[in-house]
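Reader: I'd like to learn how to read a few local features off a protein model. Could you walk me through some, with the general idea and then the case at hand?
Author: Sure, let's take a look at it together.

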Amino acid sequence: IDTQIHGNPISTYISVNAESGVLQAVRSFDYEQIKTINIFVKGQDGGSPPLSSNTTIKLIIQDQNDNPPQVLYPVQTGGSVVAEMVPRSADVGYLVTKVVAVDVDSGQNAWLSYKLQKATDRALFEVGLQNGEIRTIRQVTDKDAVKQRLTVIVEDNGQPSRSATVIVNVVVADSFPEVLSEFTD
């Protein structure tokens with residue numbers, strides 16, 4: 001029985017063999033576009049008068065891990081460098097920033113984990129596996145480089161997993177004027 005899905009006839013998504021009643025997909029489905037389809041099927045005999053019966057079939061689309069995570073913060077812009085500032089007096093556990101990401105997939109395909117992939121000083125920072133929080137793991141000292149660069153990888157839990165990376169620039173100083181001469185960009 002012809003119905004509409006997102007303004008298109010259902011026959012552009014599903015076909016029914018008139019002889020056998022076998023349903024077939026006419027095209028592939030995208031879970032992010034369509035999660036369920038209700039198919040109304042009418043079976044009719046060749047008698048006189050013809051007798052018929054209707055049934056409804058609910059088709060549930062399963063999610064595929066077809067989208068990588070998207071980093072919302074820090075925003076990666078081509079022309080400018082965004083830097084977080086950490087005071088030299090920062091103690092263990094100081095919250096530097098938080099990497100925020102989303103995945104438009106569903107279920108376990110959208111469960112995200114955060115890992116520190118590269119860092120100027122791996123002994124200074126850690127990334128929360130579940131929450132993306134970047135914190136200091138030791139006391140900041142005068143010997144720490146002013147410019148710190150961290151690469152954080154965000155992975156989803158799909159099979160195979162998909163990922164995105166983000167660069168986090170950190171300035172170790174008590175004020176920006178103190179370190180402006182260090183930056184040429």
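Reader: Let's start with charges. Which residues are linked in a network of salt bridges?
Author: One thing before the charges: this is a predicted model. As for the general idea, side chains of opposite charge can pair when their charged atoms come close. Here, the network links Asp121, Arg138 and Asp144. Within that network, arginine 138 bridges to aspartate 121, with the closest N and O atoms 2.7 Å apart. Arginine 138 sits in the loop between β13 and β14, while aspartate 121 sits in the loop between β11 and β12 (125-127), so this pair ties together parts 17 residues apart in sequence.

Reader: Is arginine 138 buried or exposed?
Author: In between: arginine 138 has a relative accessible area of 23%, so we call it partly exposed.

Reader: How many salt bridges does a search of the whole structure find?
Author: Four. One of them joins glutamate 155 to lysine 115, and there the closest N and O atoms are 2.7 Å apart. This one links distant parts of the chain, since glutamate 155 is in strand β14 and lysine 115 is in strand β11 (residues 112-119), 40 residues apart. Glutamate 155 is partly exposed at 22% relative accessible area, and lysine 115 is partly exposed too, at 36%.

Reader: Which residue does arginine 135 form a salt bridge with?
Author: Glutamate 133, and the closest N and O atoms of that pair are 3.0 Å apart. With 27% relative accessibility, arginine 135 counts as partly exposed.

Reader: What about polar side chains? What does the side chain of glutamine 148 reach?
Author: Glutamine 148 is in strand β14, and its side chain reaches the backbone oxygen of alanine 145 at 3.1 Å. Glutamine 148 counts as buried because its relative accessibility is 3%, and buried means under 20%. Leaving out residues up to four places away in sequence, glutamine 148 touches Thr120, Asp121, Leu124, Phe125, Val168, Asn169, Val170 and Val172. You'll recognise Asp121 from the salt-bridge network.

Reader: And where is alanine 145 found?
Author: In the loop between β13 (133-136) and β14 (147-156). Alanine 145 is partly exposed, with a relative accessible area of 38%. If you want a sense of scale, alanine 145 and asparagine 17 lie 70 Å apart, C-alpha to C-alpha, and 128 residues apart in sequence.

Reader: Now the aromatics. How many aromatic pairs does a search of the whole structure find?
Author: In general, a pair of aromatic rings is described by the distance of the centres and the angle of the planes. In this model the search finds one pair. Tyrosine 13 and phenylalanine 29 are stacked, 6.4 Å centre to centre with 10° between the planes. Tyrosine 13 is in the loop between β2 and β3 (14-16), and phenylalanine 29 is in the loop between β4 (23-25) and β5 (36-44), so the pair ties together parts 16 residues apart in sequence. Tyrosine 13 is buried at 5% relative accessibility, whereas phenylalanine 29 is partly exposed at 25%.

Reader: Backbone next. Which peptide bonds are cis?
Author: Most residues other than glycine have a negative phi, and most peptide bonds are trans. Here, the bond from tyrosine 73 to proline 74 is cis, with omega near 0°. The bond from glutamine 159 to proline 160 is also cis, with omega near -5°. Proline 74 belongs to the loop between β7 and β8 (83-86), and proline 160 to the loop between β14 and β15 (163-172).

Reader: What is phi of histidine 6 near?
Author: Near 50°, a positive value in a residue other than glycine. Histidine 6 is in the loop between β1 (4-5) and β2 (8-9), and it counts as exposed at 60% relative accessibility.

Reader: Last one: which residues form a nonpolar patch on the surface?
Author: Leu72, Tyr73, Val75, Val82, Val100 and Val102, with about 440 Å² of accessible area together. Strands β7 (70-73) and β10 (100-102) each supply at least two residues of it. Tyrosine 73, which also precedes the cis bond to proline 74, is in strand β7 and counts as partly exposed at 32% relative accessibility.

Key:
Residues are numbered from 1 along each chain as its sequence is written. This is a predicted model: local features need pLDDT of at least 70, side-chain atom pairs count only at pLDDT 80 or more; totals for chains, interfaces and linings use all residues. Side-chain values use heavy atoms; hydrogens and water are left out. Patches are made of residues with over 30% relative accessible area and no salt bridge: like charges are joined within 9 Å, nonpolar side chains (Val, Leu, Ile, Met, Phe, Trp, Tyr) within 5 Å. Accessible areas come from the Shrake-Rupley method with a 1.4 Å probe; for residues, only the protein chains shown count as cover. A salt bridge is a side-chain nitrogen of Lys or Arg within 4 Å of a carboxyl oxygen of Asp or Glu. Helices (H or I, at least four residues) and strands (E, at least two) are DSSP runs, numbered from the N terminus. Buried means under 20% relative accessible area, exposed over 50%, partly exposed in between (1.4 Å probe, protein chains only). A polar contact is a pair of N or O atoms within 3.5 Å; within protein, one must be able to donate a hydrogen and the other to accept it, and residues adjacent in sequence count only if both atoms are side-chain atoms. Contact means heavy atoms within 4.5 Å. Rings of Phe, Tyr and Trp (its six-membered ring) pair if their centres lie within 6.5 Å; planes under 30 degrees apart count as stacked, over 60 as edge-to-face and the rest as tilted.
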